[in-house]
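Q: Could you take a close look at one part of this model for me? I'd like to hear about the sheet and what packs on it.

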Amino acid sequence: MAWYLSFIDPGNAGGSVIIPESPPAVLQPIVYECPRCSAHFDSAQARRDHFFTVHPYRKPELLLHGQLLGNSETVIHEPVQATDWLLGSCHRASLNGRMMAPDELFQALAECRQGFHVLELSNQDSTERFELRFCIPELAELQRLEDIFNTLFLDNELSVDDVRRFAEACKSLKTAGEYLEGICQYLYGVLAKDQRGGTQLSHAQYKERFNRALEALRNVDRPLARTIRGIINFSFNSFVQAASQADAPALAAAASLFAGWAGKPVRRWAVAQQEAQARLPVDHATDRVLSWMALSDKRQERELDELQQVSASPIWTAEDRTKALVLWLEWGRTCRSTDELRRMARRLLNDAIFAGYAEQVLEKVNQ
Ligand SMILES: [Zn+2]
């Protein structure tokens, strides 16, 4: 209902204004109507309050595992169930242009494995567009890739040709592309780090290859992928991450020790003794560090000279030299002179991870 105020222009001073003769006005109460549900209110404030609480402006929402999805592309790497999806404030939904009821939509999403899909959700306020990319690998393809890996890299002398052969043999496993990419980058990184196997890469390029491997394997949830991530993290002295790789118990144990020395103790995982997996090629320094750490206390003392030597070796990366230095300090504490301990500990004082550890060693030596 509308109610108009008629008013008279008081301007035009000096002129004359004709005042029309109007019927006597009947004062009616002003009514404020809700534009959405037609409820009536006697003040603008009451209508505003009503509108705010009863008709909040809401965009249609899409939730996966309880998390709101944004409008930018969402990549889905793992199988989803129909019950993992939820819609909020949504009256109409269409998938790739086809209208669907929620149950039908959730079922269709649960069946998506690969490819790009557009979901449009609407309500009275707006329409939202969601882009979903499904990259869910087929388990059979992941397993086939691992079989080929085990055949090619069992007791091997790793070479560039082996990696190429592996990539060639796995080319047809379309949904395992990221897994394949990650493993190949890791192996190229090992070859670069060790400067062996006919690599054309420089030593320094190992880091870039390892980073590319981490990126590609980010969403691959398989023991081999997790172990590779663990080795790379160990190589980068990211011990907390490496310590959580329960698939490689020796690696996790070694990483936990280093994390503890660095003042970041981690919870040790109770790991059941596993069947020995296929041997994963690792770089020489990681292999050396892990074998040192598997030695009994008595044997450790005999390794001090070699540890000291590699801790200054230009062939070793800064991270690996640091690990050797820490092992030397741990094992040399009781049997080496304070002068030597002091000299070695000082070399760690600028290390981002072990500076605090070095200070503690120096404090103890100086007591
Ligand atoms: Zn209303």
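A: Here is a walk through the sheet and the helix that sits on it. This is a predicted model, where local features need pLDDT of at least 70 and side-chain atom pairs count only at pLDDT 80 or more, while totals for chains, interfaces and linings use all residues. Residues are numbered from 1 along each chain as its sequence is written, and side-chain values use heavy atoms, leaving out hydrogens and water.

Okay, the sheet: it's an open one built from 5 strands, running in the order 5-10-9-7-8 with mixed pairing. (Strands are DSSP runs of E, at least two residues, and helices are runs of H or I, at least four, both numbered from the N terminus; two strands pair if DSSP finds at least two bridges between them.) At the edges you'll find strand 5 (74–76) and strand 8 (98–100), each pairing on one side only. From one strand to the next, the twist averages 30 degrees.

Now zoom in on one edge. Strand 5 pairs with strand 10 (residues 127–135) in the parallel sense, over 3 bridges. Here valine 75 stands opposite arginine 133 in strand 10.

Then there's helix 2 (residues 102–111), which packs on the sheet and touches strand 7 (92–95), strand 8, strand 9 (114–122) and strand 10. Contact here means heavy atoms within 4.5 Å. The direction of helix 2 makes about 115 degrees with that of strand 8; axes are lines fitted to C-alpha atoms (for helices, over the stretch in contact), and angles run from 0 to 180 degrees between N-to-C directions.
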